[in-house]
Structure formats: structure tokens, C-alpha cells
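Trainee: Could we go through some of the words people use for structures like this one? I would like to see how each is justified.

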Amino acid sequence: MPDAPPRHDWRQDEVEALFDLPFPELLFRAAAVHRRHFDPTQVQVSTLLSVKTGGCPEDCGYCPQAQRYHTGVEATKLMSTEAVVEKARQARDAGASRFCMGAAWRSPKDRDIPKVAAMIREVKALGLETCATLGMLSGGQARALREAGLDYYNHNLDTDPGFYGDVIRTREFQDRLDTLGHVRDAGMKTCCGGIVGMGETRRQRAGFLRTLASLPVHPDSVPINRLVQVEGTPLHGTAELDPFEFVRTIAVARLLMPRSMVRLSAGRETMSDELQALCFAAGANSIFHGEKLLTTGNPDTGRDLALFARLGLRPMTVTVDADGHDHGGTVHADISAGSDAGGVDTRPGACAAGGRG
């Protein structure tokens, strides 16, 4: 398989054919592509801060932050700039190079943007890269955040366009594409992925990945989440996805988007070490690290470090080129304990299941 520029013209039948490959052959191909672009023994490790949790007006069927569902998640107000900066300072002093902020909004109001922009400017002043997930953005909001110094923005597609309406009805799939367009036009990098195991078919999983790979620019990071079933949400009780099918999804994502960080995101708490090892072998090279992934559990740091030691893996360190492109990733400090947001972390997507953003 000779190296070639990333494709944006994958056909549905081509992607389905990759899913249908014998498991050893699929993993072999994905691993070969992975090591062309990355050191297969390195994994990006990230921990993120929720600056505003719960109370979201949307109806995403997987999300415990939706105010219409009774999941026990308490809504919080937006943290103060001072509190966020203190957490960012702790992260920097512990060795972090990038600081990520997430808020459970459908979209920020224009009056919220100056508050978030102030956070971004102050965090940038500490010498940190910045990223955020705040929901849908207008073009003006995206430009304002970029002018404040925001480097990365997360906004997930969640699933295949044809399955999207079965999961979310309070916004259209095109709304997500529009926000990503505003982010790119403003000059920010994108983090964009979705959730599997929501009852979709393999064909729909293929369509989801094909849609990601068909974006004008492949996302810098592609979080692939396994549904975290939270009691009180409509998707609680959905039949669990076969673990090997999850690994296949990771492998196909690596083949379609060879130079993106493929992020093993929500759902890791219930994954065995063996399943996670297969995901790393299939091309995953990023995880979220820490005891909480917003409102659901996540493997604690000790378990992750022990797994890395068993597998001979090590955390990546960040290397930024002259154009500001992040090659390799950032090790983030654990800044969640005792935060004003209730001691919970968020990751790009601002939802335990990985897709509200």
C-alpha cells in the first residue's frame, strides 16, 4: 500500500468493503498506515476542564446533560475567568502544553463570547495552546474566538447523516457542518468524530466515517466514542456493540484519515485492557485520561499508566511546527479535582457519550 495524499472521495462501497475485511487483514492494513505517520508506541494523553456543566436544551438521545432527561446531572453556571486561569496555571505547572475548555450549551449566546474570549486570552498569556467545545457557532462567534487566541475547536458529527434524526431532533446535521465550516474559515483547527453503538448498522457506521473523511479538511483529531448508557436517557438499554466491531471502526477510521489523531474516547471504563490494546494496534493513538469523562466514569490514571507499561507505550509530547500545527499531541495535567464545575472533566464533545459538541 504505497503512501499517498489523504483522500476525500471515498465511496460508500469502498468503506463498507474495508469493514468487511477479515479481522487480521484489516488490523494489518490499519497498523501499516498508522506507523507511516506516527510512532505506534506513543499515545496522546489528554485531560480537559468543564467550564459549564448540564442544563443543555437539546434532546440528544445519549446525553445526560440534556435538561429534559432525569439523569442526576446538576447544572452549573459558567466558571469565572479567575477560576479557569487558576486551573490552567496548575495544568501548565504540571507540564501541560494545551488547555481545553468545554461548556454544555446548544450554542453560546453573543453575551457569552466575551466571557469565553477572556478565558482564552488569559490562558494564552500563560503560554498554553487553547481549545474549546461550546456547541454551534456563528461565523462571527468563531472569528471572535480565533481573535482571542483559540487554536482548536471541537464539534462532532455524531453519526451517519441518515441515522442522525433517530438520535437528535433539536438541530439538523447541516447545522454541524455549518459550524465546522465557520471554524475552518476562522482559521482554527478541528476536532470532530462521533459515537458508535447507538443502534446504528454497520452500513451507517461506514457512512459516518465516510462523511468525516469527506470533509474539506480531515479533522486534526477524530474522537471515536462507544456509547455510555446513562439511565434516564432514551438510548439507555440499547444493545451493546460487539467489541470487535468497535475495533473495526477504529481501524477503518485510521485508514480513511491516516494523518489524524484517532482518539479512543468515551466508554473506556467498561473496556478491558485487551480491547484497548486491540484499539491501539488498530491505529488509535489518543485517549482521555482521568477519573471522570464529564458525567461518567473513566479509567483512573493508575490503570492507564499500568496498561501503558504492560504494552510498552508512552505518552506523546507536543511538537509544534512554524505554522502552529500540533504534531504528536499534548500531555495534559489532571485539573479536575475540586474544580468549580463540580470536579468533573469534559473532553471535546462536551458529553459523556462523546457527541454533544
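Mentor: Happily; we will take the disulfide, then burial, then a pair of helices. This is a predicted model, where local features need pLDDT of at least 70, side-chain atom pairs count only at pLDDT 80 or more, and totals for chains, interfaces and linings use all residues. Residues are numbered from 1 along each chain as its sequence is written, and side-chain values use heavy atoms, with hydrogens and water left out.

Trainee: What makes cysteine 100 and cysteine 131 a disulfide?

Mentor: A disulfide is a pair of cysteine sulfur atoms within 2.5 Å. The sulfur atoms of cysteine 100 and cysteine 131 are 2.0 Å apart, and they form a disulfide.

Trainee: Why is cysteine 191 in no disulfide?

Mentor: The nearest cysteine sulfur, that of cysteine 192, is 7.6 Å away.

Trainee: Why is cysteine 131 called buried?

Mentor: Buried means under 20% relative accessible area (exposed is over 50%, partly exposed in between, with a 1.4 Å probe and protein chains only). Cysteine 131 has 6% relative accessibility, so it counts as buried.

Trainee: Why are helix α1 and helix α8 called oblique?

Mentor: Helix α1 (residues 12-19) and helix α8 (residues 202-213) pack at an angle of about 120°. That makes α1 oblique to α8, because angles under 35 degrees count as roughly parallel, over 145 as roughly antiparallel, 65 to 115 as roughly perpendicular and the rest as oblique.

Trainee: Which residues of α1 meet α8?

Mentor: Gln12, Val15, Glu16 and Phe19 do; contact means heavy atoms within 4.5 Å.

Technical notes: Axes fitted to C-alpha atoms, helices over the stretch in contact; angles between N-to-C directions. Helix = DSSP H or I, 4+ residues; strand = E, 2+ residues; numbered from the N terminus.
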